[in-house]
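Hi,

Here is the structure I promised to pass on to you. Have a look at it first, then read my notes below with the model open beside you.

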Amino acid sequence: MASVAVSAAPVPRAELKLVRLLTRCEALAAERRNPEEWRLEKVWAGGPRVKPAPEVLNEYSRKVDFLKGLLEAEKLSSSSEKALANQFLAPGRNPTTAKERIPATKTVHLQTKARYTGEMRSELFGTVCLPGQSGCSH
């Protein structure tokens, strides 16, 4: 399946803004390590409202739903609840931009899965997370 961002016809300005917003949100989600991190929600609240072609809209909707679910999962109280919620999230199938080889949402999905697994392991074994330790959030 071809990338959504690559097409023969010129891309409308509103769609370019949406692609930029998705790319920025995906990057912020990938960097998100702390539940108190506020930038993703701030960027998310100011996003444009557009309606591209149906197949493109479906892919964007999938990514938007993924990011929304990611934010909701972060608010859950236990790491096991977060991990379960993460399992039901569906990342995008196609890269958002032509620069990506793998959809950023897929990468974010794997990163959050690993982080929640690490948190559960720490809770189960009573270990303390050290700054910079993978699989732990502070």
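Let's start with a place where two helices touch. On the helix 4 side, the residues in contact are Ser79, Ser80, Lys82, Ala83 and Asn86, and they meet His109, Thr112, Lys113, Tyr116, Glu119, Met120 and Glu123 of helix 5. Sorted by class, this contact has 3 nonpolar, 5 polar and 4 charged residues. Before you go further, keep in mind that this is a predicted model.

How are the two helices arranged? Two packed helices are described by the angle between their axes and the distance between the axes. Helix 4 covers residues 79–87, and its axis is 8 Å from that of helix 5, at an angle of about 155°. Angles over 145 degrees count as roughly antiparallel, so helix 4 and helix 5 are roughly antiparallel to each other. Their crossing is left-handed.

Now zoom in on Tyr116, which sits in helix 5. Is Tyr116 buried or exposed? Its relative accessibility is 1%, so Tyr116 counts as buried. Skipping residues up to four places away in sequence, Tyr116 touches Ala73, Glu74, Ser79, Lys82, Ala83 and Asn86. Another pair to click on is Tyr116 and Ser80: they are 36 residues apart in sequence, while their C-alpha atoms are 7.3 Å apart in space.

Next, the other partner of helix 5. Helix 3 (residues 54–74) and helix 5 (residues 104–125) have axes that come within 11 Å and cross at roughly 20°. Angles under 35 degrees count as roughly parallel, so helix 3 and helix 5 are roughly parallel to each other. This crossing, too, is left-handed.

Which residues make the contact between helix 3 and helix 5? From helix 3 come Lys63, Phe66, Leu70, Ala73 and Glu74, and from helix 5 come Thr105, Val108, His109, Thr112, Arg115 and Tyr116. These residues divide into 5 nonpolar, 3 polar and 3 charged. You'll recognise His109, Thr112 and Tyr116, which are also among the helix 5 residues that meet helix 4.

Glu74 deserves a stop of its own. You'll find Glu74 in helix 3, and its relative accessibility is 9%, so it counts as buried. Leaving out neighbours within four places in sequence, Glu74 is in contact with Arg32, Pro35, Lys82, Arg115 and Tyr116.

One of those partners brings us to the salt bridges. How many are there in the whole structure? The search finds 2.

- Glu74 and Arg115 meet through their side chains, at 2.2 Å from N to O. This pair links distant parts of the chain, with Glu74 in helix 3 and Arg115 in helix 5, 41 residues apart. Both Glu74 and Arg115 are buried.
- Glu26 and Lys63 meet through their side chains as well, at 4.0 Å from N to O. Here Glu26 belongs to helix 1 (residues 13–31) and Lys63 to helix 3, with their positions 37 residues apart in the chain. Glu26 is buried, and Lys63 is buried too.

If you want a route through the model, start at Tyr116, which touches Glu74. From Glu74, step across to Arg115 by way of their salt bridge. Then go along helix 3 to Lys63, whose salt bridge partner is Glu26.

Have fun exploring!

Conventions: Residues are numbered from 1 along each chain as its sequence is written. This is a predicted model: local features need pLDDT of at least 70, side-chain atom pairs count only at pLDDT 80 or more; totals for chains, interfaces and linings use all residues. Side-chain values use heavy atoms; hydrogens and water are left out. Axes are lines fitted to C-alpha atoms, for helices over the stretch in contact, and angles run from 0 to 180 degrees between N-to-C directions. Helices (H or I, at least four residues) and strands (E, at least two) are DSSP runs, numbered from the N terminus. Angles under 35 degrees count as roughly parallel, over 145 as roughly antiparallel, 65 to 115 as roughly perpendicular and the rest as oblique. A crossing is left-handed if the near helix is turned anticlockwise from the far one by less than a right angle, and right-handed if clockwise. Contact means heavy atoms within 4.5 Å. Ala, Val, Leu, Ile, Met, Phe, Trp, Tyr, Cys and Pro count as nonpolar, Asp, Glu, Lys and Arg as charged, and the others, Gly among them, as polar. Buried means under 20% relative accessible area, exposed over 50%, partly exposed in between (1.4 Å probe, protein chains only).
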